[in-house]
Amino acid sequence: MGLEELPPAELGEWFTEEKRLLAQRVLREEYEQGRSIAQIALDTGYSVTRVRKLLLREGVALRSRAGSRSRGSA
């Protein structure tokens with residue numbers, strides 16, 4: 001299974017449940033192999049927001065963002 005199996009990213013298009021479940025599984029595999037949400041978004045044509053939401057719907061624990069600081073850090 002790979003990115004070539006993903007449904008196309010049409011602006012504003014709602015996925016059917018079947019397409020959404022497929023996308024969630026494929027994106028989870030890519031993310032768990034170490035790819036970032038931004039990398040996945042670039043390669044799929046999906047927005048970063050769509051990738052993030054699909055990963056969360058799949059129950060994926062998201063990694064912290066690279067270079068982000070916790071509150072109170074100077």
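Helices in these legends are DSSP runs of H or I with at least four residues, numbered from the N terminus, and by that reading E30 lies in helix α1. The model shown is predicted.

**Figure 1. Overview of the protein chain and its three helices.** The secondary structure comes to three helices and zero strands, which follow one another along the sequence in the pattern α-α-α. Of the 74 residues in the protein chain, 30% are buried. Among contacts with a sequence separation of 6 or more, 55% are accounted for by residues 24 or more positions apart. The chain averages a pLDDT of 86, and 86% of the residues score at least 70; among the elements, α1 has the lowest mean pLDDT, at 94, and α3 the highest, at 96.

**Figure 2. Close-up of E30 in helix α1.** Is this glutamate, E30, buried or exposed? With a relative accessible area of 11%, E30 falls under the 20% cut-off and is therefore buried. Once its neighbours within four places in sequence are left aside, E30 is in contact with L3, R35 and I40. One of these partners, I40, is itself listed among the buried residues of α2.

**Figure 3. The buried face of helix α2.** The buried residues of α2 are I37, I40, A41 and T44. Seen down the axis of α2, these residues fall within an arc of 100°, so they line one face of the helix. The partners against which the buried residues of α2 pack are α1 and α3. After α2 comes G45, which has a positive phi, near 85°.

**Figure 4. The two sides of helix α3.** In α3, which spans residues 48-57, the buried residues are R50, V51, L54 and L55. Viewed down the axis of α3, they fall within an arc of 130°, so that they line one face of the helix. On the other side of α3, K53 and R57 are exposed. What covers the buried residues of α3 includes α1, residues 17-32, and α2, residues 37-44. The residue G59 follows α3, and its phi is positive, near 85°.

**Figure 5. The crossing of helices α1 and α3.** Two packed helices are described by the angle between their axes and by the distance between those axes. Here the axes of α1 and α3 come within 9 Å and cross at roughly 95°, which makes α1 roughly perpendicular to α3. On the α1 side, the contact is made by R20, A23, Q24, L27, R28 and Y31, and on the α3 side by V51, L54, L55 and R57. By class, this contact of α1 with α3 has six nonpolar, one polar and three charged residues. Three of the α3 contributors, V51, L54 and L55, are buried residues of that helix, whereas R57 is exposed on the other side of α3.

**Figure 6. Close-up of R63 in the segment after α3.** R63, found in the segment after α3, is partly exposed, with a relative accessible area of 40%. Which residues does R63 touch, not counting residues up to four places away in sequence? They are Y31, G34, R35 and S36. R63 and S36 are 27 residues apart in sequence, and their C-alpha atoms are 8.8 Å apart in space. Two of the residues touched by R63 also appear in earlier views: R35 is in contact with E30, and Y31 of α1 takes part in the contact with α3.

Notes
Residues are numbered from 1 along each chain as its sequence is written. This is a predicted model: local features need pLDDT of at least 70, side-chain atom pairs count only at pLDDT 80 or more; totals for chains, interfaces and linings use all residues. Side-chain values use heavy atoms; hydrogens and water are left out. Buried means under 20% relative accessible area, exposed over 50%, partly exposed in between (1.4 Å probe, protein chains only). The arc is that of the directions from the helix axis to the C-beta atoms. Contact means heavy atoms within 4.5 Å. pLDDT is the predictor's confidence in each residue, from 0 to 100. Axes are lines fitted to C-alpha atoms, for helices over the stretch in contact, and angles run from 0 to 180 degrees between N-to-C directions. Angles under 35 degrees count as roughly parallel, over 145 as roughly antiparallel, 65 to 115 as roughly perpendicular and the rest as oblique. Ala, Val, Leu, Ile, Met, Phe, Trp, Tyr, Cys and Pro count as nonpolar, Asp, Glu, Lys and Arg as charged, and the others, Gly among them, as polar.
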